[in-house]
Amino acid sequence: MSLFIEANQLKKRYGQKQAVNGLSLEIRRGEVLAMIGPNGAGKSTTLDLLLGLRRPDEGSVRYWCAEPRQHIGVQLQSTPFFSGFTARENMAMFAAFYGVRLSRRQINDLLTRCGLQDAGKTPAERLSGGQQKRLAIAIAMAHEPQLLFLDEPTAALDPRARREVRELVTSLAKAGTSVVFTSHDMEEVHKLATRVIMICGGAIIAEGMPDRLLKQYQAGDLEELYIRLSGE
Amino acid sequence: MFTIFKTMLLGIVRDAHTLFWTILFPVAMLCGLGLYFDDPGYAERLLAGVLAMNVLFGATMVTAFNVMAQRNRGVYKLLRATPFSTAAFIAAMTGARTVLALTVSVCILVTAVLLFGVSLSLAGLAGILLALFLGSICFTAIGFFAANLSRDESNVNMISNLISFPMLFASEAFYSLHNAPVWVKTAAQAQPFHYFVKALNLAVTDGRFSGELWTALAMLTGFAALFLAAAAFTFRWDTERASRGRALYRTSQRHSPM
């Protein structure tokens, strides 16, 4: 099976606001899928629906296996951690939620891979914003998932950290991990994504490989396309 | 499960605020009141009262605040994306809290024995530990329940106070209800803290497993089961009311394979 997730006609409403409106999409094996769109477009709600964190009002989500959570890694926008625990303890704890017992060496390797080699003993809430973001990504990778969801992984990062995260995503994709990420940085999306989905008003308004999208809409770059299609 | 339990226990022990309220405060209270009243008969009641109150506030209030804070930070939302079950998470947190309560209680017991000459038989000690074990589970579950009913910090404070204080006042933790109005006595019997205090009092004073002690322990077990079920049933993953669903979805309902 070449699909990880297949979502059909998803709808989700919060009070008067229709956050997701009849959205259908597929997540394929081996791809790096970028979900872009303005704030409030429904990206995070779509991620929540795909992850089973919320129930759709209508529509369905189908997965490639019976217990997909075991094989999916998640980094949320809010980078939540258990307060009072060090970066290392948070990693061990979240890995244990997936039934994985990490050795000290494995934790150190993961932290090093995410540029956090000196932060292992620091309480997670005392890390800088960029470090917290990287710790959240390290935690998402702890159980070696087949599919990784990253919600704005480079937001609030300095240029160096941004580059490190991009390199990390590229290396994960090369190693066979599928990645779904959201971002407002169109240059980053163009560099990383093999496929782009643009969401606006809770529905997909454009979809395809970055270069094909540019050709199809005769746009100079993704930012121009984004502004044109989203009406921003 | 063990890693989660161990890390949670470490987190509790490392928290200075928790340590103060759950260890130093009850020991200081026992010493202060014990020295002030200076009555061997009252020392036994005081010991049972301090043990019970410590579990009530330590388990209910601290758990309620922790659960609320973790939920507001989004920890549970991330936890929900993992295959770990709600029931197992509640069990791990309750287990860590129970171990802490038992450890603190041993400190209080040792203080009472050394400072006020309270004598305890082996059966009495076993009864105390069993009551503390069941009480910790019950009141930690009540803490979860209080947090599940709350939306923010001020809310959780009010709700946990609304639950804890009536239970404390309608109990025989520090005074007798012998002359209290009938409705107070009746209300007292409808809440778990009454049976918790009763079990501790009986274990301390009688020093044996009497039928009355078994009945109190059985009632406490019943309340613990009731509130554990209520905690799991009302558990909320995030702060938004829109998503306040039942936590214990069946996996097959949430994830339909292709």
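**Figure 1. Thr140(B) sits in helix H6 of chain B.** In this predicted model, helix H6 of chain B covers residues 122-149, and Thr140(B) is part of that helix. Is Thr140(B) buried or exposed? Its relative accessible area is 1%, and a residue counts as buried under 20%, so Thr140(B) is buried. Leaving out residues up to four places away in sequence, Thr140(B) touches Ala59(B), Thr63(B), Thr94(B) and Arg97(B).

**Figure 2. Phe57(B) belongs to helix H3 of chain B.** Helix H3 of chain B runs over residues 40-73. Phe57(B) has a relative accessible area of 18% and is therefore buried, the limit being under 20%. Which residues does Phe57(B) touch, if those up to four places away in sequence are not counted? They are Val62(B), Ser164(B), Phe165(B) and Leu168(B). A view that holds both Phe57(B) and Thr140(B) shows two residues 83 positions apart in sequence. Their C-alpha atoms are 9.4 Å apart in space.

**Figure 3. Helix H2 of chain A is largely enclosed by the rest of the structure.** This helix consists of residues 87-97. Eleven of its eleven residues are buried, and so helix H2 of chain A is largely enclosed. The buried residues include Ala87(A), Arg88(A), Glu89(A) and Asn90(A). Met91(A), Met93(A), Phe94(A) and Phe97(A) are also among them. What do the buried residues of H2(A) pack against? Within chain A, they pack against helix H3 (104-113) and helix H4 (129-141). In chain B, their partners are helix H1 (2-14), helix H4 (75-80) and helix H5 (86-116). After H2(A) comes Gly99(A), which has a positive phi, near 80°.

**Figure 4. UniProt lists transmembrane regions in chain B.** The entry is unreviewed, and it places the feature "transmembrane region" at residues 18-37, 49-68, 89-116, 122-147, 159-177 and 213-235 of chain B. In the model, residues 18-37 of chain B are 100% helix and 0% strand. The C-alpha atoms at the two ends of residues 18-37 lie 28 Å apart. Residues 89-116 of chain B are likewise 100% helix and 0% strand. For residues 89-116, the end C-alpha atoms lie 40 Å apart.

**Figure 5. Chain B is shown with its "domain: ABC transmembrane type-2" span.** An unreviewed UniProt entry gives this feature as residues 9-238 of chain B. The span is 83% helix and 0% strand, and its end C-alpha atoms are 23 Å apart. Chain B as a whole has eleven helices and one strand. From the N terminus on, the order of elements is α-α-α-α-α-α-α-α-α-α-α-β. Chain B is as compact as a globular protein of 258 residues, because its radius of gyration of 19 Å is close to the 18 Å that the globule rule gives for that length. Its C-alpha atoms fill a box of roughly 70 × 40 × 35 Å along the principal axes. Of the 258 residues in chain B, 53% are buried. Among contacts in chain B with a separation of 6 or more, 80% join residues 24 or more positions apart.

**Figure 6. The surface and charges of chain B are set out here.** The accessible surface of chain B comes to about 11100 Å². Carbon and sulfur atoms account for 68% of that surface. Chain B has 18 positive and 11 negative charges, and the mean positions of the two sets are 15 Å apart.

**Figure 7. Chain A is shown with its "domain: ABC transporter" span.** UniProt lists residues 5-226 of chain A under this name, in an unreviewed entry. Over this span the chain is 36% helix and 27% strand, with the end C-alpha atoms 25 Å apart. How many helices and strands are there in chain A? There are eight helices and nine strands. With a radius of gyration of 18 Å, close to the 17 Å that the globule rule gives for 232 residues, chain A is as compact as a globular protein of that length. The C-alpha trace of chain A spans about 50 × 40 × 35 Å along its principal axes. Buried residues make up 56% of the 232 residues of chain A.

**Figure 8. The surface and charges of chain A are set out here.** Chain A has an accessible surface of about 10000 Å², and 45% of it belongs to carbon and sulfur atoms. Its side chains include 30 positive and 26 negative ones, with the centres of the two sets 4 Å apart.

Definitions and conventions: Residues numbered from 1 in each chain as written. Chains lettered and ligands numbered in written order. Heavy atoms only, no water. Helix = DSSP H or I, 4+ residues; strand = E, 2+ residues; numbered from the N terminus. Rg over C-alpha atoms; globule rule 2.2 N^0.38 Å. Buried < 20%, exposed > 50% of the residue type's maximum accessible area, 1.4 Å probe, protein only. Contact = heavy atoms within 4.5 Å. Areas by Shrake-Rupley, 256 points an atom, 1.4 Å probe, with all protein chains shown as cover. Lys, Arg positive; Asp, Glu negative; His and termini not counted. Charge placed at Lys NZ, Arg CZ, Asp CG, Glu CD. UniProt positions renumbered as here; feature names shortened; annotations may be inferred.
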